[in-house]
Amino acid sequence: MNAITSLASLALAASVATTALAQDATTPTPPPAEAGAGAAAATSGAAPAAAEPAASGASDAPVAMAEGATTLPNGMDITPATQENGRWYNAEGIPTYKIDNGVVDFATFNGFRRYSAECHVCHGPDGEGSTYAPALKNSVLRMDYYAFQEIVASGKQDVNSAANLVMPAFGTNKNVWCYIDDIYVYLLARGTDELPRGRPGERADKSEEYTAQEDSCMSM
Ligand code: HEC
């Protein structure tokens, strides 16, 4: 990505975050049947998705995390420090998850639901990736929170690839954008393996602060 494009997408990400959100974007086009003839044609062999995005800068490869480590490969400390509007943040104010004796915080639980509704179709169940799109549970360990936001807001198209993979822009889709932090922390918890695959079992209640923030975002 050159400097101009990246500035433009940063500006877009910032503006969608701060200004009123437009109506829900139209539903993103799902990948072609059987996960994309293009993806299959572009590479042969065992793992087309892993090979293809890697060549274009996307990061699908597994990331090693020592058990119990609290610092991600990208340098972020995931230790929850403060709670605001029913969501947890680290000491730098970056969203993170909190799992207490197997009980997940509400935002992380909600992230599972939002991911399953909006991202699963291309990125596979539980953040595990598919032949069409990379494993986001690995991406969030490598890219930082702002880079993640920027891609989800503005989308991404793999122009170097014959596969023609498209990540849609979700910056004006409230069902995604009002819950972008929830999706992010859910993927973090999957990436560190602290949250097993599937629907989280026990979860914290939805707080009044969370509900108030949600209502205000959805009604913008
Ligand atoms: C229509 C299919 C589709 C949907 C739906 C979709 N994505 Fe993507 N996404 C892609 C593709 C394809 C790529 C790889 C694009 C590339 O490499 O240029 C991608 C890439 C990404 C990346 C960059 C990953 C990396 O390692 O570089 C992020 C982050 C991402 N998507 C987040 C999301 C989130 C969050 C959602 C749900 C809100 C979502 N995507 C829904 C197709 C999709």
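This passage describes the fold of a predicted model, from overall confidence to single residues.

The protein has 220 residues, and buried residues make up 36% of them. Its secondary structure consists of 10 helices and 7 strands. Contacts often link distant parts of the chain. Among contacts between residues at least 6 apart in sequence, 69% join residues at least 24 apart.

Confidence varies along the chain. The average pLDDT is 80, and 73% of the residues score at least 70. Residues 1–28 stay under 50, and the model gives this stretch 30 contacts beyond four places in sequence. Residues 32–57 are also below 50, with 49 contacts in the model beyond near neighbours in sequence. Where pLDDT is low, the predicted coordinates should not be read in detail.

Helix 9 covers residues 180–191. Its 12 residues should span 16 Å at 1.5 Å a residue, and the end C-alpha atoms are indeed 16 Å apart. Of these 12 residues, 12 are buried, so helix 9 is largely enclosed by the rest of the structure. The buried set is not purely nonpolar in its names: Asp-181, Asp-182 and Arg-190 are included, alongside residues such as Ile-180 and Leu-187. After the helix comes Asp-193, whose phi is positive, near 70 degrees.

The largest nonpolar core has 35 residues. Helix 9 gives the most to this core, with 8 residues. Other helices contribute as well: helix 4 (106–118), helix 6 (136–142), helix 7 (145–154) and helix 8 (174–177) each supply at least two residues. The residues with the most contacts inside the core are Ile-180, Ile-183, Tyr-184, Val-185, Tyr-186, Leu-187 and Leu-188. In soluble globular proteins, nonpolar side chains tend to be buried together. Ile-183 shows which residues can meet across the sequence. Beyond its neighbours within four places, Ile-183 is in contact with Gly-111, Arg-114, Tyr-115 and Cys-119.

Helix 4 has 13 residues. From first C-alpha to last, helix 4 reaches 18 Å, close to the 18 Å expected at 1.5 Å a residue. Its buried residues are Ala-107, Thr-108, Phe-109, Asn-110, Gly-111, Phe-112, Arg-114, Tyr-115 and Glu-118. Their cover includes strand 2 (87–89), strand 5 (103–104), helix 5 (120–123), helix 8 and helix 9.

Glu-118 belongs to helix 4. This residue counts as buried because 20 other C-beta atoms lie within 10 Å, and 20 or more is the cut-off. Leaving aside neighbours within four places in sequence, Glu-118 is in contact with Asn-175 and Val-176. Glu-118 and Asn-175 are 57 residues apart along the chain, yet their C-alpha atoms are separated by 8.2 Å.

The model also contains an open sheet of 3 strands, in the order 1-2-3 with antiparallel pairing. Strand 1 (82–84) and strand 3 (95–96) are the edge strands, each pairing on one side only. Strands 1 and 2 pair in the antiparallel sense over 3 bridges. Glu-84 stands opposite Arg-87 in strand 2.

Asn-85 lies in the loop between strand 1 and strand 2. Its phi is positive, near 50 degrees, in a residue other than glycine. With 17 other C-beta atoms within 10 Å, Asn-85 is partly exposed. Asn-101 also has a positive phi, about 50 degrees, although it is not a glycine. Most residues other than glycine have a negative phi. Asn-101 is found in the loop between strand 4 (99–100) and strand 5. This residue counts as exposed, with 5 C-beta neighbours inside 10 Å.

A last loop residue, Ser-207, sits between helix 9 and helix 10 (208–218). Ser-207 has 16 C-beta neighbours inside 10 Å, so it counts as partly exposed. Beyond neighbours within four places in sequence, its contacts are Gly-86 and Phe-106. Ser-207 and Gly-86 are 121 residues apart along the chain, but their C-alpha atoms are separated by 5.8 Å.

Definitions and conventions:
Residues are numbered from 1 along each chain as its sequence is written. Helices (H or I, at least four residues) and strands (E, at least two) are DSSP runs, numbered from the N terminus. The expected span of a helix is 1.5 Å times one less than its number of residues. A nonpolar core is a set of buried Ala, Val, Leu, Ile, Met, Phe, Trp, Tyr and Cys residues joined through C-beta atoms within 7 Å. Two residues are in contact if their C-beta atoms, placed from the backbone, lie within 7 Å. pLDDT is the predictor's confidence in each residue, from 0 to 100. Two strands pair if DSSP finds at least two bridges between them.
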